[in-house]
Amino acid sequence: VAAIDESNQVHVWSLAPSSVPTQSFSGPEWPLFAWDASGTRLYGRGQIWDLDGPPSAEPLVLTGPKGSSVGFRRGFQPGGRWVAAAAEDKVLFWPLPRQTTQVLSERAGPIAFLADASGLVSYGESGLLLWPLSARTGETTTPLWQRPDGINAIAVDPLGRHVLVSHMDEEVVGRVSMVPISGGQTETTLLWRLYDAFAFPVAYSQDGRRCAAGTHFVQSDDAAQIRVWDLDDGREWVFSLRDRPAGTDVYYRAVYQLRFTPGGRLLSAGSGGVRRWDLNTGEGEWIFRVPEETVMFISCSRNGRFLLTLEKPSPTSDQGSNLTLHDLESGTSRLITSHGHPIDRHALDPSGTAIATATSDGVIRVGPLDDSVPHLVFGHEGRIGRFHFSPDSRWIASSSEDGPIRLWPMPDLSKPPLHT
């Protein structure tokens, strides 16, 4: 049952015995409510709340033709595919997809899904937050770390214990810390303090046993490193990113991404290409090389078979970029051209069946691996900073310079895209 109080707060109670509202959120003035047949979507004067979606998500706003206001009379089609409402002398109909885009009202930078896809971690204006993706859990948005200084990157422990964070402290010194997902700043564990470098990429192994961080900007040659920690026995590995012998002109490689393979090896991507590191020998071998002034980004399938690389003249370049899909099992590679140029960001879904890209105009493209025409996802108005597939491949999360976090339902790639 739903009710609205004098301050326009909407309260929704479950019919199970309880004196506490299961959900509360801000609503419009003087709404007349309508439920859909499933009891999971609530209509109130031009707005629809998805009670199965993230409890902190903004409602879907229904708009009519220019100059018309959505009135009080309303109703859902029994099958839930349409909603109708009166608007002055008209009746307006809106189609309702089974899943709609969810908007989380937080300007954010780094984002990452929990391993079981039940939540999303973000860093933004309110610090490090955990957003539950379903209201059925009864949980609400949880502050994990009220960090005043900048966080560069985050990674979520597959076992659900910690968030690995690269950040700067009050003295503008680089740090790598583990933040418990249960919250509590006093429990934060410092792994690495970099006096003459900033850490940027962080990663966990698939079994959650190990984590890694790499340097992005350094003030001394010896500080250019990748470090790996074994969270079970406390061992630590240090890999130097010096690319030439001592006594010569030193050239180090900036690292932009780290990924663990299913076999436990570590991939690093950045300036110069992609290297694979063996934790037993401490040796790194180049598996893809590009010119020194060029950078490369990677995304991997969960089983390690497919690797998607993005080659760019510089990390923020709007010039040409090459997107290539590598099948490491067959040893073949194929250039992906259907997503256009230049590409800002890219991702390979965990199952290894879909590719997503983002361009500087805020458009996300999602398509299969065969390089066929992708689906277009619109909504952002500014450049997309980060985006990821959920572990279950049901959602794509994105953050942008234009404002809120968006959760997009995964397009049905078995159907052709509709472009207008």
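**Salt bridges, a pocket and a surface patch in a predicted model**

There are 15 salt bridges in this structure, a salt bridge being a side-chain nitrogen of Lys or Arg within 4 Å of a carboxyl oxygen of Asp or Glu. The model is predicted, so local features need pLDDT of at least 70 and side-chain atom pairs count only at pLDDT 80 or more, while totals for chains, interfaces and linings use all residues. Residues are numbered from 1 along each chain as its sequence is written, and side-chain values use heavy atoms, with hydrogens and water left out.

Side chains of opposite charge can pair when their charged atoms come close. One salt bridge joins R209 and D230, with an N to O distance of 2.9 Å. This pair links distant parts of the chain, 21 residues apart: R209 is in the loop between strand 19 (197–204) and strand 20 (210–218), and D230 is in strand 21 (residues 225–230). Strands here are DSSP runs of E with at least two residues, numbered from the N terminus. D230 also meets R210 in a salt bridge, at 3.4 Å from N to O. Here the partners are 20 residues apart, with D230 in strand 21 and R210 in strand 20.

The three residues are not equally accessible. D230 has a relative accessibility of 2% and counts as buried, as does R210 at 16%, whereas R209 is partly exposed at 31%. Buried means under 20% relative accessible area, exposed means over 50%, and partly exposed lies in between (1.4 Å probe, protein chains only). R209, R210 and D230 belong to a network of salt bridges that also includes D232, D233 and R235.

Another salt bridge is formed by the side chains of R265 and E285, at 3.7 Å from N to O. R265 lies in the loop between strand 23 (255–260) and strand 24 (266–270), and E285 in strand 26 (residues 284–289), so the pair ties together parts that are 20 residues apart in sequence. Both ends are partly exposed: R265 has a relative accessible area of 35%, and E285 one of 37%.

The next feature is a pocket. The second largest pocket has a volume of about 1,200 Å³. A pocket is defined on a 1 Å grid over the protein atoms alone, as an open set of points where a 1.4 Å probe fits, with protein on both sides within 12 Å along at least five of seven lines; lining residues have an atom within 4 Å of a point. Grid points are joined across faces, edges and corners, and the volume is the space filled by probe spheres set on the points. The lining of this pocket has 40 residues, and P97, Q99, T100, T101 and P409 lie nearest its centre. Among the strands that each supply at least two lining residues are strand 11 (102–113) and strand 37 (403–409).

Two residues stand out by their backbone angles. Most residues other than glycine have a negative phi. A117 has a positive phi, near 65°, and is found in the loop between strand 11 and strand 12 (119–124). Its relative accessible area of 11% makes A117 buried. D371, which is not a glycine either, has a positive phi of about 70°; D371 is in the loop between strand 33 (364–368) and strand 34.

Notes: Helices (H or I, at least four residues) and strands (E, at least two) are DSSP runs, numbered from the N terminus.
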